[in-house]
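Let's take a walk through this model together, starting with the overall layout and then moving in to individual residues. Keep the viewer open as you read.

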Amino acid sequence: MPTSGVKTCAQTRRDSSKTEPTKAQAEECAICLDDIDGIRRSKLAFLKCGHTFHSTCMARWNKQCKERSYVRTCPYCREKL
Ligand SMILES: [Zn+2]
Ligand SMILES: [Zn+2]
């Protein structure tokens with residue numbers, strides 16, 4: 001699966017930065033690993049599973065899935081969209 005690398009990166013980074021335990025959700029885009037904190041809501045993609053990504057990253061992800069005929073899933077938790 002093409003998502004394995006992305007997921008590993010995200011997990012590693014989350015484990016190494018043990019900050020703000022009150023925030024249950026990752027405040028970064030699991031696709032590009034940049035912050036989503038402070039980004040305008042109109043520039044973000046909110047998925048059913050509760051994860052958030054940059055809309056540009058999500059568009060690229062959707063395109064990749066379509067090109068490879070994969071079922072679209074959340075890049076973070078792989079929940080079907
Ligand atoms: Zn992103
Ligand atoms: Zn998710």
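Helices (H or I, at least four residues) and strands (E, at least two) are taken here as DSSP runs, numbered from the N terminus. Counted that way, the protein has two helices and two strands. Reading from the N terminus, their order is α-β-β-α. Please bear in mind that this is a predicted model.

How confident is the predictor? The average pLDDT of the protein is 81, and 68% of the residues score at least 70. Residues 18-23 are a stretch to treat with care: their pLDDT is below 50, and they make zero contacts in the model beyond near neighbours in sequence. Where pLDDT is low, the predicted coordinates should not be read in detail.

Now for the interior. Of the 81 residues in the protein, 16% are buried. The largest nonpolar core is made up of eight residues, namely Cys-29, Ala-30, Ile-31, Ile-36, Phe-53, Met-58, Trp-61 and Tyr-76. As for how the chain comes together, take the contacts between residues at least 6 apart in sequence: 39% of these join residues at least 24 apart.

A good place to zoom in is Cys-29, a member of that core. Leaving out residues up to four places away in sequence, Cys-29 touches Asp-34, Ile-36, Phe-53, His-54 and Cys-57. Two of these partners, Ile-36 and Phe-53, belong to the core as well.

Let's follow the contact to Cys-57, which sits in helix α2 (residues 55-67). This helix has 13 residues and spans 18 Å from its first C-alpha to its last, close to the 18 Å expected at 1.5 Å a residue. Is Cys-57 buried or partly exposed? Burial takes 20 or more other C-beta atoms within 10 Å, and Cys-57 counts as partly exposed because it has 19 such neighbours. Beyond residues up to four places away in sequence, Cys-57 touches Cys-29, Ile-31 and Cys-32. For Ile-31, the C-alpha atom is 6.4 Å from that of Cys-57, although 26 residues separate the two along the chain.

Cys-32, another of those partners, takes us to the loop between α1 and β1. With 14 C-beta neighbours inside 10 Å, Cys-32 is partly exposed. Setting aside neighbours within four places in sequence, Cys-32 is in contact with His-54 and Cys-57. His-54 is also touched by Cys-29. Between the C-alpha atoms of Cys-32 and Phe-53, 21 residues apart along the chain, the separation is 8.9 Å.

Finally, a look at backbone torsions. Most residues other than glycine have a negative phi. Leu-33 has a positive value instead, with phi near 65°. Leu-33 is found in the loop between α1 (4-16) and β1 (44-46), and its 13 C-beta neighbours inside 10 Å make it partly exposed. Where is the other positive phi to look at, just after α2? That one belongs to Ser-69, whose phi is about 60°. Ser-69 lies in the segment after α2. Unlike the partly exposed Leu-33, Ser-69 is exposed, because 6 other C-beta atoms lie within 10 Å.

Definitions and conventions:
Residues are numbered from 1 along each chain as its sequence is written. Chains are lettered from A and ligands numbered from 1 in the order in which they are written. This is a predicted model: local features need pLDDT of at least 70, side-chain atom pairs count only at pLDDT 80 or more; totals for chains, interfaces and linings use all residues. A nonpolar core is a set of buried Ala, Val, Leu, Ile, Met, Phe, Trp, Tyr and Cys residues joined through C-beta atoms within 7 Å. A residue is buried if 20 or more other C-beta atoms lie within 10 Å of its own, exposed if 12 or fewer, and partly exposed in between; C-beta atoms are placed from the backbone. Two residues are in contact if their C-beta atoms, placed from the backbone, lie within 7 Å. The expected span of a helix is 1.5 Å times one less than its number of residues. pLDDT is the predictor's confidence in each residue, from 0 to 100.
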